[in-house]
Number of protein chains: 2
Amino acid sequence: MSKLQEHSMKFLEDKNPVIVSNRGPVEFFREGGKIVMKRGAGGLVSTLLPVVERFSGVWVSSAMTLEDAEVAAGYPENRVPLPEDNPRFTVSFVIVDRERYESYYSVISNPLLWFVQHYMWNTPYAPEIDDKIYTAWDEGYVHVNRKFADRVVSEVERNEKNPLIMLQDYHLYLCPGLIKKKVGDVFLSQFIHIPWPQRDYFRILPEKMRESIINGLLSNTVLGFHIERYCSNFMECCGDLGYDVDAENGVVLNGDEKTFVRNYPISVDPDSIRRTATSDAFREKEDFVRKLKGDMFLIYRTDRADLSKNIIRGFRAYELFLREHPEFHGKVKFLATGKPTRQQIKEYRDYADSVKSTVDEINSIYGKSTWKPIEYIHRADYELVAAAFKNYDCLIVNPLADGMNIVPKEAALMNEKSGTVILSENAGCYEELAEYVIGVNPFDIRETADAIYRSITMNFDERKKLSDGLKLKVRERTIYHWINEQFDDFERLMK
Amino acid sequence: MSKLQEHSMKFLEDKNPVIVSNRGPVEFFREGGKIVMKRGAGGLVSTLLPVVERFSGVWVSSAMTLEDAEVAAGYPENRVPLPEDNPRFTVSFVIVDRERYESYYSVISNPLLWFVQHYMWNTPYAPEIDDKIYTAWDEGYVHVNRKFADRVVSEVERNEKNPLIMLQDYHLYLCPGLIKKKVGDVFLSQFIHIPWPQRDYFRILPEKMRESIINGLLSNTVLGFHIERYCSNFMECCGDLGYDVDAENGVVLNGDEKTFVRNYPISVDPDSIRRTATSDAFREKEDFVRKLKGDMFLIYRTDRADLSKNIIRGFRAYELFLREHPEFHGKVKFLATGKPTRQQIKEYRDYADSVKSTVDEINSIYGKSTWKPIEYIHRADYELVAAAFKNYDCLIVNPLADGMNIVPKEAALMNEKSGTVILSENAGCYEELAEYVIGVNPFDIRETADAIYRSITMNFDERKKLSDGLKLKVRERTIYHWINEQFDDFERLMK
């Protein structure tokens with residue numbers, strides 16, 4: 001907690017922090033017949049959970065696993081005090097029918113909203129907005145948002161302290177409006193972790209849905225995005241629906257209420273990153289990475305197998321590099337680690353297949369008995385990722401679109417090889433890091449291949465200058481800036 | 001020529017009109033061993049050609065057919081005086097190697113630019129900007145634009161009158177810049193007939209191409225689009241590349257030069273439309289349409305088989321309507337006429353196949369021996385289209401995105417059945433016609449199916465009110481407004 005400003009601590013003293021997100025800070029699962037708990041990784045949990053713990057707050061989230069539901073069922077109203085031996089906060093589980101959850105999560109949130117917000121629809125063919133979508137909206141998305149809203153309201157009502165409600169992300173666009181309907185006078189904030197699209201593309205959604213989404217979001221007093229571009233895109237969409245927008249001051253009017261649209265670029269926690277690199281599990285994985293690398297130049301990428309991550313074009317660029325530079329055959333290794341994601345959605349299964357066949361194709365064309373150009377590990381634990389972060393010579397992060405993408409930030413802090421970073425201009429973090437990376441247009445395979453060549457042939461001084469600059473830049477702004485800035489704005493605007 | 005303002009006539013008196021477009025006003029082809037000429041249909045030719053004829057101007061365009069090239073070869077510098085028996089203007093043919101033309105036309109102009117400007121890329125997979133694209137750009141698009149520019153310059157130099165250069169459309173984005181390089185002090189204008197995309201989506205193109213395109217277009221003093229939205233999207237893209245933009249006044253600065261970005265919504269020529277409906281060929285086609293229609297409710301659509309036209313979702317909506325309303329089986333007929341287009345491009349072949357299989361599927365599910373739900377005519381002549389315009393009860397025009405789409409305008413003037421129009425909100429013409437059509441989100445099959453039902457069940461008074469209103473609205477603004485407004489601006493800005 002030492003990273004919170006004194007100021008923020010004081011502000012929080014009389015507050016009841018209520019964090020609301022689809023995925024919660026802990027997950028229960030079964031191991032050897034026993035139910036065990038796992039704390040979520042990721043910056044959001046490691047930043048917000050200490051706040052919730054310190055001020056005895058609550059985290060409202062979906063029961064994701066069967067074990068979540070089982071544990072929740074053991075407590076009144078599914079409110080689980082944690083840690084169980086010495087409770088300091090509560091996870092308030094929202095439990096939803098499987099079918100409705102699927103509609104909410106695997107039809108509306110993904111792919112519909114996710115694809116619109118990342119400019120990914122193959123528009124001549126999809127989406128087909130039909131009754132399946134409308135039903136999933138009404139019976140899934142609206143329903144789950146209502147369940148979340150009801151739960152937040154009951155959390156607010158059971159606690160005498162002033163609630164500090166922080167909604168998270170695109171699963172919960174309707175939640176603030178539904179809360180406001182029940183409790184008119186409550187301060188709401190929401191942070192959107194993914195990009196916001198421009199007016200023309202947002203119009204893929206039916207007007208009724210756009211209106212509900214914008215109206216919901218405008219029930220927040222503070223609405224946060226990672227970067228200025230998403231803020232202005234959001235306000236453009238508001239204007240398109242007839243709302244009064246003061247773009248210069250980042251204010252949208254909804255009736256008598258004002259929403260302040262702000263950017264708070266998220267970042268990482270350097271201390272927690274440093275700690276990762278000390279465990280036994282880490283050392284074991286580092287041995288593996290070093291063996292794999294040998295004396296080769298190590299190119300690394302790590303992503304969930306999401307279509308927005310642009311994994312195929314990354315490999316195609318590598319292939320082009322190999323085709324043009326046989327002198328590097330056997331002297332370079334591309335390690336890619338992944339994480340299967342959303343495999344219940346057809347678009348994701350198809351994409352995972354395409355990635356796999358691209359890798360196989362390149363390995364079969366360029367591979368030799370002594371050298372495999374790409375090592376693709378579909379499911380990697382964080383220790384392996386961290387070991388690769390420490391040892392890469394070149395990191396590729398080339399998403400089509402990406403809210404922030406903190407991989408370059410985490411990786412830069414951990415890297416010890418003066419590794420270069422090839423970074424998509426469409427990743428949110430490019431706005432901050434442009435000066436210290438090799439920027440690429442993610443659609444441009446030629447440019448990406450040239451960036452690989454530039455990276456592998458760059459002299460040490462230049463590499464070191466970029467890499468040192470990047471480390472400094474990332475350290476300048478940690479995740480505590482992200483949270484403190486929000487608390488500052490909340491305090492100012494709560495009056 | 002009577003439709004040109006006196007004012008415009010006077011302005012043109014001392015001018016040499018030079019129209020520049022990829023497809024020219026005439027096409028030569030072989031019929032029974034003899035080469036014959038066909039005048040282009042379409043509003044552009046019927047509006048601009050009289051201007052060119054009256055003031056002895058020139059039309060610079062590509063030789064599209066082998067016969068074009070053959071005829072062109074018979075004249076010095078490929079300048080063909082027309083009509084051959086009594087020349088009043090010149091077609092100045094630009095002849096390009098087949099391979100370079102294909103790169104210019106079938107790689108860069110379509111699909112690359114066309115898909116970006118209509119938001120149609122399946123971005124997780126395409127486009128892959130690779131050497132094929134870069135080579136097609138350098139050796140195709142740049143090359144052909146240079147050929148056009150050289151030709152325009154030579155047309156300007158051979159004539160003592162003041163040139164009035166009017167470039168047309170997205171094939172020629174670089175042309176104005178290349179002309180300016182050779183003849184610094186010349187007044188240039190260009191009209192873009194397709195949508196302009198927003199900043200985020202335009203960024204699919206490599207920066208070098210975006211910079212060349214914008215820089216080229218900013219060599220025009222007047223740059224025209226159909227509607228305000230495209231103007232503001234264009235200026236946004238300029239701003240993104242660092243140009244000084246005065247959005248309120250529609251001015252972009254390029255060095256010392258100003259480009260005025262204006263909207264001139266194109267329209268139709270009511271007289272020429274009226275004339276179509278009197279020929280023998282027309283009467284023959286009308287018999288065909290009437291027989292097909294019988295006493296059924298006739299739904300009609302007509303489009304090139306372009307992915308932007310959203311033909312599949314149109315049929316899917318009709319299918320949904322049929323599924324929900326068996327009472328209309330056998331009482332409604334969907335006539336769709338088409339025109340094969342760009343079949344050398346894979347995306348277009350695939351789309352044509354999908355359209356065909358959608359039609360076959362619906363006909364096989366809902367058809368009976370006595371009733372075929374959809375009649376799809378792949379290649380229709382204009383007389384058939386006109387006959388269908390006269391006789392439809394409901395017209396569907398539901399593009400994903402469309403610069404203007406004049407089908408609703410032409411059709412409304414010709415229709416005699418108080419037919420309704422279901423119109424995509426993303427068609428440029430929706431801005432003018434919204435009040436008199438049934439607007440739909442083109443992605444929304446549910447909404448489109450409901451629109452069909454609404455149309456078929458609408459009472460006569462309401463149909464008549466919409467349809468009469470639409471006719472009046474279209475007559476208010478003809479294609480002569482489009483051209484006179486441009487001449488007015490040219491005159492004002494030439495000083």
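Start by selecting Glu410(A), which is buried (under 20% relative accessible area with a 1.4 Å probe, protein chains only) yet has no salt bridge (a side-chain nitrogen of Lys or Arg within 4 Å of a carboxyl oxygen of Asp or Glu). The nearest side chain of opposite charge, Lys409(A), is 10 Å away. You are looking at a predicted model, where local features need pLDDT of at least 70, side-chain atom pairs need 80 or more, and totals for chains, interfaces and linings use all residues. Residues are numbered from 1 along each chain as its sequence is written, chains are lettered from A in the order written, and side-chain values use heavy atoms, leaving out hydrogens and water.

Now show the side chain of Tyr382(A): it makes a polar contact (N or O atoms within 3.5 Å, one able to donate a hydrogen and the other to accept it; residues adjacent in sequence count only if both atoms are side-chain atoms) with the side chain of Glu410(A), at 2.3 Å.

Next, bring up both chains. Chain B and chain A bury about 3700 Å² between them (accessible area lost on being put together, 1.4 Å probe, summed over both), 43% of it on carbon and sulfur atoms. Select Pro124(B), Tyr125(B) and Phe443(B), which supply 16% of the area that chain B buries against chain A. Then pick Arg446(A) and Asp131(B), a salt bridge with its closest N and O atoms 2.6 Å apart; the count between the two chains is 4 salt bridges.

Last stop, the cysteines: the structure holds 0 disulfides (cysteine sulfur atoms within 2.5 Å) over all chains. Cys237(A) has its closest cysteine sulfur in Cys238(A), 7.1 Å away and too far for a bond.

Terms used:
Buried means under 20% relative accessible area, exposed over 50%, partly exposed in between (1.4 Å probe, protein chains only). Lys and Arg count as positive and Asp and Glu as negative; His and the chain ends are not counted. Buried area is the accessible area (1.4 Å probe) that two parts lose on being put together, summed over both.
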